[in-house]
Amino acid sequence: MENNPIPVVTVQTSPYDDQRPGTSGLRKKTSVFESKRNYLQNFTQSVLSSIDLRDRQGCTMVLGSDGRYFSRTAIETIVQMAAANGIGRLVIGQHGILSTPAVSCIIRKVKAIGGIILTASHNPGGPGGDFGVKFNVANGGPAPESVTEKIYQISKTIEEFATCPDLRVDLSRLGRQDFDLENKFKPFRVEIVDTVEVYLNMLRSIFDFSAIKGLLTGPNQLKIRIDAMHGVMGPYVRRILCDELGAPANSAVNCVPLEDFGGQHPDPNLTYATSLLEAMKGGEYGFGAAFDGDGDRNLILGRNGFFVNPSDSIAVIAANISCIPYFQKTGIRGFARSMPTSTALDRVGEAMKIPVYETPTGWKFFGNLMDAGKCSLCGEESFGTGSDHIREKDGLWAVLAWLSIIAARKQSVEDILKDHWARFGRNYYCRFDYEEVDPRVSFYLMRDLEALITERSFVNQQFAVGNHNYTVEKTENFEYTDPVDGIVTRNQGLRLTFTDGSRIIFRLSGTGSMGSIIRFYVESYERDPSRNNKEPQVVLGPLIAIALKLSHVHERTGRRGPTVIT
C-alpha cells in the first residue's frame, strides 16, 4: 500500500470522430494511438463511461494484451484510468500477457463486469503495424452492438477523462498490489495472475488429458508441430502441450511473444503460416497447428501439409463431439456458424438432429445463443472455432479437440477428413480477400452489386462457364433476427444461392485498421465420394469467374488479384 494517497486528476480533452468500434473493437495503425493526443485515453474513458456509474464503483475488471508493441504503455494508461474511474479491482496477466480466450475465461471465473484486451488479433504489430482495444462484457464475450454504439456516442462528445498519473504497477510480480487514492474510501487493488493457470484448469475440466498425453507420448507417439507465430500463445503452448501433455519441447516453435511478432504477419492461414506448412510438407509430423497474435484463431494441418479448411474443421468436431468429455456432461444444445462459413456444419446437424443457427460474422452473436442455452459449438470460416466453455473463439481449444478426436479414432487428420466427406459429402470452399481498399471504392462496389443482384429479373438468370451451368435461385442482403432477443441485424453480406446449392457471398470485413477489406466467398457441394479429392480452386473455377464478372472487383480496385486466398 502506498503511504501517501495517489491524486486523481481530471484532464481536458477533445473528441475524435473515428472511434467507432468494429467487430473486434477499435483497431488503428499503432502510429494513430502514439501520435494523436489522448487518443487511447479518450477511447478508454468512453469504454469506462459506458458502464453505469453504480455498476462501475468497486467492480472487478480484467486486462490483458497479446504483447504487441505499445501494449505496456497502454496498460499503464488503462490501469491509471481504471483506478480514477472507480474500478475496485483490476486482474491483469503477468507481464500484461493474456490470450483473448484466457481473458474470457477469467472474466467468467472472477465474475468481472468486463475486460479490456489490447490486441489487433491477426494483424501485424510493431511501430509500423496495428494496435487495438477491445471491450468484452460480463459474459466474457465481445461487447454487443448496443454497447459499442454507446461507446462510440460517448467518444464523439468527450471533454475530459480521469486518471491517476502517479500510479505505477509492477506487472512482473504475482499477487496483490493495493493503492490508496485521494477521496476514495477503499483502496484500488491490482491482482497480477499467472498467464496460463486459470485457463489451463478450465481445459483440464473439458478434455481427457490422459488420452491426449497418451497420444503424444505413447509407443505410437503422434509427432506434432505447433507454431505460436511469436504471439501470445507461446507460454500456453509450452505449459499445456509440452509440460502438461508431454509433447517434446522442440514440437513448439516461435513461442517467445515479440512486440512485432518477429516481423511476421501473425495470421494462421496458408498465406502467412508458410514456415509451418513447409515443415509439415516434409512428412515428419502427423499434426500441425498455428495460432494468431491473440490466440483465438487456429490453423490445422495434417501430414504432408494436408490443409483442413476451417469450415470443415468445425463440421468434423461436431460429427465427433462425443470424443470430448465436456459435451458428454453438458449435452449438445445446438450448433452455429457465421453466414459466410460453408454449410458443411448444417449437414452434420441435420444427421444428428441438432439445430444449426446461421448468424452474421462476429462472435457476439454466438454468445447470445450460448447465454440462452441454444448453442454448444460454433465456428467461422475465418479460422475461428469454439464452444460454450467461454464466449470467444479459442485456438488451443480447437487443437485439443482435434487431438482428442485423433486419440479416439486412431486415424490421421487426412483419413478423418476423407471419412467425413464420404459420409456427409464435401463442401468445396474458398475465400478471397482484397485488403486496404479505398473505403469509397468498396462502398460503391457493394452498392452497385446489391442493386444488380436484387433486381427481380436477376433470379432465374443463368450463367454458363465452360461445361458448367448455374441458375440463380435466390439473392439477398443477409439480415439476421436474433432468436433470443428479436434484435434485427441488417446489411451483413450479399449472397447469391444457385439451384444446385452453390453460393457466392460478398461482404466487407471490419477487422482491418486501414481502408476496407472486400471479401468474396464461393462454395459448391459435392456428394459423390469419387469426386471429393480435387483442388478447390479447380472445382470452384466457374463460380470464381462469375463472382469476378459480377463484381468487377479487379477493375474497380485496380488489383490484379486478391491479397489473401484461403
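Helices (H or I, at least four residues) and strands (E, at least two) are DSSP runs, numbered from the N terminus. T148 has its place in helix α6.

The structure is a predicted model, in which local features need pLDDT of at least 70 and side-chain atom pairs count only at pLDDT 80 or more, while totals for chains, interfaces and linings use all residues. Residues are numbered from 1 along each chain as its sequence is written, and side-chain values use heavy atoms, with hydrogens and water left out.

**Pockets**

On a 1 Å grid over the protein atoms alone, a pocket is an open set of points with protein on both sides within 12 Å along at least five of seven lines, whereas a cavity is a set of points where a 1.4 Å probe fits but cannot get out; lining residues have an atom within 4 Å of a point. Grid points are joined across faces, edges and corners, and a volume is the space filled by probe spheres set on the points. In sorting the linings by class, Ala, Val, Leu, Ile, Met, Phe, Trp, Tyr, Cys and Pro count as nonpolar, Asp, Glu, Lys and Arg as charged, and the others, Gly among them, as polar.

The largest pocket has a volume of about 1200 Å³. It is lined by 39 residues, and G22, T23, L508, S509 and G510 are the closest to its centre. At least two lining residues each come from β2 (26–29), α6 (145–157), α14 (363–371), α17 (439–453), β25 (503–509) and β26 (516–526), and α17 supplies the largest share, five residues.

The second largest pocket holds about 520 Å³ of space. Of the 21 residues in its lining, F307, R426, K534, E535 and P536 lie nearest the centre. Here β14 (306–308), α16 (413–424), β19 (426–437) and α18 (536–539) each supply at least two residues, with the largest share, five residues, coming from β19.

**The second largest cavity and T148**

Across the whole structure, a search finds five cavities of 30 Å³ or more. The second largest cavity contains about 90 Å³ of space, and among the 15 residues that line it, P21, G25, F135, A143 and T148 are the closest to its centre. Two or more lining residues are given by each of α2 (39–49), β6 (130–137) and α6, and β6 gives the most, with three residues.

T148 counts as buried, at 14% relative accessibility, where buried means under 20% relative accessible area, exposed over 50%, and partly exposed in between (1.4 Å probe, protein chains only). Apart from neighbours within four places in sequence, T148 is in contact with P21 and A143, contact being defined as heavy atoms within 4.5 Å.

The classes of the three linings are set out below.

| Lining | Nonpolar | Polar | Charged |
|---|---|---|---|
| Largest pocket | eleven residues | 16 residues | twelve residues |
| Second largest pocket | nine residues | seven residues | five residues |
| Second largest cavity | eight residues | five residues | two residues |

**Helix α10**

In helix α10 (residues 274–281), the residues L276, L277 and M280 are buried. Seen down the axis of α10, these buried residues fall within an arc of 100°, so they line one face of the helix; the arc is that of the directions from the helix axis to the C-beta atoms. As background, an α-helix has 3.6 residues a turn, so residues three or four places apart point the same way. The cover over the buried residues of α10 includes β10 (224–227), β12 (287–291) and β13 (298–302). Just after α10, G283 takes a positive phi of about 90°.

**Positive phi outside glycine**

M229, a residue other than glycine, has a positive phi near 55°; M229 lies in the loop between β10 and α9 (234–244) and, at 6% relative accessibility, counts as buried. N491, also a residue other than glycine, has a positive phi near 55°. The place of N491 is in the loop between β23 (488–489) and β24 (494–498), and at 59% relative accessibility N491 counts as exposed.

**Cysteines**

With a disulfide taken as a pair of cysteine sulfur atoms within 2.5 Å, the count comes to zero disulfides. The sulfur of C375 has its closest cysteine sulfur in C378, at 4.6 Å, which is too far for a bond. C375 is buried, with a relative accessible area of 0%, and C378 likewise counts as buried at 0% relative accessibility.
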